[in-house]
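Hi,

Here is the structure I promised to pass on. Have a look at it first, and my notes on what turned up follow below.

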Amino acid sequence: MTEKTFGPFELQKAYSTEPVPDDFVLRRRISTAMRTLSERVIRAEVDQATLQHWAEQLEAVVTTVGEPERRDSKQANRKLFTGAATIEDLYHMMDFDPISGGANQIAPQVTWVQEGQEGVEGTLRLGQQYQGPPGRVHGGVIAWILDAVLSRALHAAFRLGVTGTLNIRYLAGTPIEDTITCRARITGQEGRKIFIEGSIWHGDQQTVHAEGVWLTPKSLG
């Protein structure tokens, strides 16, 4: 039986509908454990002996893991743009995404509830490891997330491009440890420039507004 292959405009659908490769089931388990550990340990009120015990256990795991070789994602990317990417290739590109990739240990895990030509919407909860001012998400984390969310809107509309500029207005504090909503949509295009706007909401209150310009590759412009 011939293995299925995919091109760039089949990526999102295949990633959301095809079975998760067995190794990524395990990678996701590892990442979930590491994210959970990160949130539980930060600012934990425990005695010094407990901290010593935790440190020794984690240092032992680091020693066990060692320094394994890493797969070059450029190869999977090249295969995608020739329509020859396998589902394993897609997961090596998508599941390490820095805000929603299930196999990325630092990704805060956006749950996408809408993805299409009209825009994207996702929800997430940010723990204390993302805190800036007490009880509020760090502004740099906000910028990081919105860059990725606006890029997601680009890809959901079957466009290709990279961030050119990103302007952010902080309208109110965005709380940690509560559900927030991210939205983005394309608003226009002039030549290679694609204009995208986005926002973050806490309930009915908008806390952040973003506007950006994404640039399509010259080969496609």
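In which helix is the place of H155? H155 belongs to helix α6. Before going on, please keep in mind that this is a predicted model, so everything below is computed from it.

Staying with H155 for a moment: this residue is partly exposed, because its relative accessible area is 34%, and the buried class stops under 20% while exposed begins over 50%. Setting aside residues up to four places away in sequence, H155 touches Q12 and G161. H155 also sits 8.8 Å from G116, C-alpha to C-alpha, with their positions 39 residues apart in sequence.

**The chain as a whole**

The protein chain has six helices and six strands. Read from the N terminus, the order is α-α-α-α-α-β-β-α-β-β-β-β, so you can find α6 in that string as the helix with strands on both sides. The C-alpha trace spans about 60 × 50 × 25 Å along its principal axes. Of the 221 residues, 34% are buried. Among contacts with a separation of 6 or more, 62% are between residues 24 or more positions apart.

As for the surface, the accessible area of the chain is about 13,200 Å², and carbon and sulfur atoms hold 52% of that. The charged side chains come to 23 positive and 27 negative, and the centres of those two sets are 6 Å apart.

**Helix α6 and R152**

Helix α6 covers residues 139-156. With 18 residues, α6 reaches 26 Å from first C-alpha to last, close to the 26 Å expected at 1.5 Å a residue. Many of its residues are buried, including V141, I142, I145, L146, V149, L150 and L154. An α-helix has 3.6 residues a turn, so residues three or four places apart point the same way. The buried list for α6 also takes in S151, R152 and A153, as well as A148 and A156. After the helix comes F158, whose phi is positive, near 60°.

R152 is worth a look on your screen. This arginine lies in α6 and counts as buried, because its relative accessible area is 9%, under the 20% cut-off. What does R152 contact, leaving aside its neighbours within four places in sequence? The partners are Q12, M94, S100, W112, E115 and V120. Q12 turns up again here, as one of the residues touched by H155.

**S100, in a loop**

S100 is one of the R152 partners, and its place is in the loop between α5 (87-94) and β1 (111-116). Is S100 buried or exposed? S100 is buried, at a relative accessible area of 13%. The side chains of S100 and W112 are joined by a polar contact of 3.4 Å. Apart from neighbours within four places, S100 is in contact with A107, Q109, V110, W112 and R152. W112 is also in the contact list of R152.

**Helix α3 and its ends**

Helix α3 takes in residues 48-65. Its 18 residues should span 26 Å at 1.5 Å a residue, and because the end C-alpha atoms are 26 Å apart, the two values agree. At the N-terminal end, D47 acts as the cap: one of its side-chain oxygens lies 3.3 Å from the backbone nitrogen of A49. On the other side, α3 is followed by G66, with a positive phi near 65°.

**Loops with a positive phi**

R43 is a residue other than glycine, yet its phi is positive, near 60°. You will find R43 in the loop between α2 (22-41) and α3. E177 is not a glycine either and has a positive phi of about 55°. Its loop runs between β3 (162-170) and β4 (179-190). E177 is partly exposed, with a relative accessible area of 39%.

**G164 in strand β3**

Last stop: G164, which is found in strand β3. At 40% relative accessibility, G164 counts as partly exposed. Leaving out neighbours within four places, G164 is in contact with V213, W214 and L215. The C-alpha atoms of G164 and L51 are separated by 44 Å, and these two residues are 113 apart along the chain.

Best wishes

Definitions and conventions
Residues numbered from 1 in each chain as written. Predicted model: local features only at pLDDT ≥ 70, side-chain atom pairs only at ≥ 80, totals over all residues. Heavy atoms only, no water. Helix = DSSP H or I, 4+ residues; strand = E, 2+ residues; numbered from the N terminus. Buried < 20%, exposed > 50% of the residue type's maximum accessible area, 1.4 Å probe, protein only. Contact = heavy atoms within 4.5 Å. Areas by Shrake-Rupley, 256 points an atom, 1.4 Å probe, with all protein chains shown as cover. Lys, Arg positive; Asp, Glu negative; His and termini not counted. Charge placed at Lys NZ, Arg CZ, Asp CG, Glu CD. Expected span 1.5 Å × (residues − 1). Polar contact = N/O pair within 3.5 Å; in protein donor to acceptor, adjacent residues only side chain to side chain.
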